[in-house]
Amino acid sequence: MRSYGVSFRAQPLLVARYVLLDPDVGDFNYELDNEHELVDFLAGPLGVSRETIAGYLAEIGADAELGRGLARRARWRIDMKRRIHFGHRVGWYAITRALKPRLVVETGIKHGLGSLILLAALKRNAGEGSPGRLISFDTDPFSGWAVAEPLRESWQPIFASTFDVLDLSLAGKEVDLFICDTPPSYEIESFEMRTAMQHASSDITLIAANGDSTTVLPELALELNSEYHHFVERPRRHIYPGSGFGLLAHVQR
């Protein structure tokens with residue numbers, strides 16, 4: 001808590017709630033306190049109306065696999081809350097719904113909350129006639145427990161270092177949406193982002209899930225003569241101050 005500038009004296013109820021009731025350590029999940037700002041943030045770069053983005057976000061609360069199904073799978077885990085929220089990952093859902101990507105690539109799985117919400121969006125897209133699939137990378141073969149079995153038909157998890165397999169795994173494919181959710185390392189993010197660009201479709205969108213923790217995506221935006229966007233999230237009633245995510249939308253090759 002000290003690393004996030006939170007003290008018991010200043011915020012006793014917040015700290016007590018986290019220490020006594022919250023099993024998350026480091027990989028936090030929380031509600032957004034500024035989801036309305038996320039709607040405004042996404043509408044411009046994606047070229048869709050605020051009402052459309054708000055409608056996509058509303059789908060999340062009505063999705064059984066993202067609510068009751070996820071809670072059921074997490075019931076006996078000591079490292080996870082009973083009520084799980086997706087934080088700024090809800091933005092990934094709206095982006096996926098808006099862009100209708102044929103291929104989404106995600107680096108970093110862990111619990112699989114990002115994979116789950118992306119697959120839920122892809123399922124909705126498929127129901128509207130725009131099928132897509134997700135390839136996710138992680139070095140831990142036990143990651144991804146949160147992903148429901150029915151959604152795994154459109155999912156290819158690859159358990160290996162991206163330095164070893166990313167380029168080879170994407171050979172012959174065209175990436176429409178790339179999400180870098182590995183630890184915030186300049187070396188890792190640079191390698192993964194630039195490898196994704198080597199396999200980009202004619203119109204790719206890139207997300208830096210660690211916000212502006214590194215300068216990789218802003219630098220890439222300058223090189224590509226594209227506009228970099230950064231969403232600053234505000235977690236609701238949580239010790240974590242939030243990071244948000246970086247976005248480079250509709251990059252023309």
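**Helix α6 and the salt bridges**

In this predicted model, helix α6 is largely enclosed by the rest of the structure, because 11 of its 15 residues are buried. Leucines turn up repeatedly on the buried list, which includes Leu113, Leu116, Leu118, Leu119 and Leu122, and Asn125 is on the list as well. The helix runs over residues 113-127, and its length checks out: at 1.5 Å a residue it should span 21 Å, and its end C-alpha atoms do sit 21 Å apart. Just past α6 comes glycine 129, with a positive phi of about 95 degrees.

Turning to charged side chains, the count of salt bridges comes to 11. One of them pairs arginine 234 with glutamate 37, at 3.1 Å from N to O. Arginine 234 belongs to the loop between β6 and β7 while glutamate 37 is part of helix α2, so this pair ties together parts of the chain 197 residues apart in sequence. Arginine 234 is partly exposed at 37% relative accessible area, and glutamate 37 is also partly exposed, at 31%.

Arginine 102 and aspartate 176 form another salt bridge, at 3.5 Å from N to O. Here too distant parts are linked: arginine 102 sits in the loop between α5 and β1, and aspartate 176 lies in strand β4, 74 residues away. Arginine 102 is exposed, at 53% relative accessibility, whereas aspartate 176 is buried at 9%.

Glutamate 65 and arginine 73 also pair up, with their closest N and O atoms 2.9 Å apart. Glutamate 65 is partly exposed at 22%, as is arginine 73 at 24%. Finally, a network of salt bridges links Glu59, Arg97, Lys100, Arg124 and Glu128.

Definitions and conventions:
Residues numbered from 1 in each chain as written. Predicted model: local features only at pLDDT ≥ 70, side-chain atom pairs only at ≥ 80, totals over all residues. Heavy atoms only, no water. Helix = DSSP H or I, 4+ residues; strand = E, 2+ residues; numbered from the N terminus. Expected span 1.5 Å × (residues − 1). Buried < 20%, exposed > 50% of the residue type's maximum accessible area, 1.4 Å probe, protein only. Salt bridge = Lys/Arg side-chain N within 4 Å of Asp/Glu carboxyl O.
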